[in-house]
Amino acid sequence: MAEDNKRNSLKEFFKMGEVAGYFFRKKDPSRPSNFNLKAMHTINKISILMFLVCMVILFVRYVL
């Protein structure tokens, strides 16, 4: 039963693989593309970057 309820480690909590994959993926020609979809992805990227910058600022303020 202990194997079923694995505890999440701090390393797993701060995995950035999916975020990096979102920013650095290759263009897929089979994926549909229109202005609304491009705008949505651009806004998502901006919001993720703003969130990460704010987390760094909060961390620096907390530590210093």
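## Exercises on a predicted helical model

Of the 64 residues in the protein chain of this predicted model, 2% count as buried.

**Exercise 1.** Determine which secondary-structure elements the protein chain contains and in what order they run.

*Solution.* Begin with the count, which gives three helices and zero strands for the protein chain. Then follow the chain from the N terminus, where the order of the elements reads α-α-α. As a last step, turn to the surface, since the accessible area of the protein chain comes to about 6700 Å², with 66% of that area belonging to carbon and sulfur atoms.

**Exercise 2.** Establish where in the protein chain the confidence is lowest and where it is highest.

*Solution.* Start from the chain as a whole, for which the mean pLDDT is 80, while 80% of the residues reach 70 or more. Next, go through the elements: helix H1, covering residues 10-13, has the lowest confidence with a mean of 67, whereas H3 has the highest, at 92.

**Exercise 3.** Describe the conformation of the chain over the segment that UniProt annotates as "transmembrane region".

*Solution.* First locate the segment, which the unreviewed UniProt entry places at residues 46-63. Then read the conformation over residues 46-63, which is 100% helix and 0% strand, with the end C-alpha atoms 26 Å apart.

**Exercise 4.** Classify Leu 52 and Asn 44 by accessibility, and relate each of them to residues elsewhere in the chain.

*Solution.* Take Leu 52 to begin with, a residue that lies in helix H3. Its relative accessibility is 29%, and because the partly exposed class runs between 20% and 50%, Leu 52 counts as partly exposed. Leaving aside residues up to four places away in sequence, Leu 52 touches Met 16 and Val 19. Continue with Asn 44, which also has its place in helix H3 and is partly exposed, with a relative accessible area of 30%. Finally, compare positions along the chain and in space: Asn 44 and Tyr 22 are 22 residues apart in sequence, and their C-alpha atoms are separated by 9.7 Å.

**Exercise 5.** Decide whether Tyr 62 is buried or exposed, and identify the surface patch to which Tyr 62 contributes.

*Solution.* Place Tyr 62 first, in helix H3, which spans residues 35-63. Tyr 62 has a relative accessible area of 74% and is therefore exposed, the cut-off for that class being over 50%. The patch follows as the last step: Tyr 62 joins Val 56, Phe 59, Val 60, Val 63 and Leu 64 in making a nonpolar surface patch of about 740 Å².

Notes: Residues are numbered from 1 along each chain as its sequence is written. This is a predicted model: local features need pLDDT of at least 70, side-chain atom pairs count only at pLDDT 80 or more; totals for chains, interfaces and linings use all residues. Side-chain values use heavy atoms; hydrogens and water are left out. Patches are made of residues with over 30% relative accessible area and no salt bridge: like charges are joined within 9 Å, nonpolar side chains (Val, Leu, Ile, Met, Phe, Trp, Tyr) within 5 Å. Accessible areas come from the Shrake-Rupley method with a 1.4 Å probe; for residues, only the protein chains shown count as cover. A salt bridge is a side-chain nitrogen of Lys or Arg within 4 Å of a carboxyl oxygen of Asp or Glu. Helices (H or I, at least four residues) and strands (E, at least two) are DSSP runs, numbered from the N terminus. Buried means under 20% relative accessible area, exposed over 50%, partly exposed in between (1.4 Å probe, protein chains only). UniProt positions are given in the numbering used here, feature names are shortened, and annotations may be inferred rather than shown by experiment. Contact means heavy atoms within 4.5 Å. pLDDT is the predictor's confidence in each residue, from 0 to 100.
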